[in-house]
Amino acid sequence: MKKIKLLVIMLLGCYSISYSNGLTLSNISVNQAAGTVSFNVRWYNSWRVGGEPKNWDAVWIFVKFRLCSAPTTVEFTHGLVDSDTTQHTFNNLSPVKSNGVAGIDSDRKGVLLRRESAGVYSSPSATNIVLKLTNLPATGDLDVRVFGIEMVYVPEGSFYLGDGTTTITDAQFKTSSTNTDPILVTSENTLSVYTEGSATNSTYPFYAISGRDTIPAVFPKGYAAFHIMKYEITEQQYADFLNTIPSQHWGVRYLGNYGSYRNRLINGGTYPNFYYTTRPYRAQNYLSWADITAFLDWACLRPMTEMEFE
């Protein structure tokens, strides 16, 4: 990356250190004139396998910003990273796309960083990262927040879909009404499966018609490589989510139930942390499907498919 003289550096007075399970993002600073955000990233028990199965863990990092003077009803803008990797500083980490190929994904909603060299990193030192954002305003007092989620790479490979059970008829993968053998998935091409159900099935109405279904090629089937979250959504991550969505949505997405079944997420805080937790690394409970998909949309991720789960 070219060295750029720092014309304007604004140390953020309205940010807090971000935590995940063993992941810390700290020393966040912004150079608005250069359009860059600098921070240190550190996470434990990290690895990268050089040979087979060419597996590693990584951190999905993304940035959000908003004018400090903006009311809480105004949504944070999601930062767009420059697609040119030479515009960033990664030091001993390297960017990788969601499919495992080196580089930055075309949607530019964030960057996946893995270890540059093969090895096991149980307690590594922090790495300084400088990201170039293409939509960061050059002027104005900004509230800029950097977030990270630990991920694991799942290499491309064939697998068997289903388990061949004969005890469940309307919620299984099979090739016909009589053949319950597991299906070998060898590509992301169109896949034909058999759906069996009853016209009177009120519990699973989408199984009402028996017959062959076609899973289109664009649907992720688990054969192609992908990254998946290493841990559950933590209480701190969900608090970060609540603190950066418009306040008119807080009442819908806030879980309540403080103190119940180990839930320590609570409201009643002050800017910039209206929501906080005393157990940042603990998995967040009480999440509904709507809560999970809202969080994933906020983080520019998607749910894994049933086939990827298999």
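Here's a quick briefing on the fold, the main pocket and a few backbone oddities of this protein. Keep in mind that the model is predicted. The protein has 310 residues, 45% of them buried, and its secondary structure comes to four helices and 19 strands. If you're after a place to start looking, the largest pocket has a volume of about 860 Å³.

**Overall build**

- Strands and helices number 19 and four in this protein.
- Take the contacts with a separation of 6 or more: 68% of them link residues 24 or more positions apart.
- The accessible surface adds up to about 15400 Å², and carbon and sulfur atoms own 53% of that.
- Buried residues account for 45% of the chain's 310 residues.

**The largest pocket**

- The lining of the largest pocket counts 30 residues, and those nearest the pocket centre are Met151, His227, Ile228, Leu301 and Arg302.
- By character, the lining splits into 19 nonpolar, six charged and five polar residues.
- Strand 17 (226-229) and helix 3 (289-298) each put at least two residues into that lining.
- Strand 17 gives the largest share, with four residues.
- Rolling a probe the size of a water molecule over the atoms is what reveals where empty space is left.

**Helix 1**

- Helix 1 spans residues 235-243 and is mostly covered, with nine of its nine residues buried.
- The buried set takes in polar and charged names as well as the hydrophobic-looking ones: Glu235, Gln236, Gln237, Asp240 and Asn243 are among them, and so are Tyr238, Ala239, Phe241 and Leu242.
- In an α-helix, residues three or four places apart point the same way, because there are 3.6 residues a turn.

**Cysteines**

- A disulfide is a covalent bond between the sulfur atoms of two cysteines.
- Searching the whole structure for disulfides turns up zero.
- Cys68 has a relative accessible area of 33%, so this residue falls in the partly exposed class, between the 20% and 50% cut-offs.
- Cys300 is also partly exposed, at 26% relative accessible area.

**Cis peptide bonds**

- Glu52 and Pro53 are joined by a cis peptide bond, with omega at about 10°.
- Pro53 sits in the loop between strand 5 (46-48) and strand 6 (57-67).
- A cis bond also runs from Tyr271 to Pro272, where omega is near 5°.
- You'll find Pro272 in the loop between strand 18 (265-266) and strand 19 (276-277).

**Positive phi outside glycine**

- Asn257 has phi near 60°, a positive value in a residue other than glycine.
- Its place is the loop between helix 2 (250-253) and strand 18, and with 37% relative accessible area Asn257 is partly exposed.
- Tyr286 has a positive phi too, near 65°, and is likewise a residue other than glycine.
- Tyr286 belongs to the loop between strand 19 and helix 3, and counts as partly exposed at 32% relative accessibility.

**Ser117**

- Look for Ser117 in the loop between strand 9 (111-115) and strand 10 (119-121).
- Its relative accessible area is 42%, so Ser117 is partly exposed.
- Ser117 and Ser94 are 23 residues apart along the chain, and 8.9 Å separates their C-alpha atoms.

Definitions and conventions:
Residues numbered from 1 in each chain as written. Predicted model: local features only at pLDDT ≥ 70, side-chain atom pairs only at ≥ 80, totals over all residues. Heavy atoms only, no water. 1 Å grid on protein atoms, 1.4 Å probe; cavity = no way out; pocket = protein on both sides within 12 Å on 5 of 7 lines; lining within 4 Å. Points joined across faces, edges and corners; volume = space filled by probe spheres on them. Disulfide = S-S within 2.5 Å. Buried < 20%, exposed > 50% of the residue type's maximum accessible area, 1.4 Å probe, protein only. Contact = heavy atoms within 4.5 Å. Areas by Shrake-Rupley, 256 points an atom, 1.4 Å probe, with all protein chains shown as cover.
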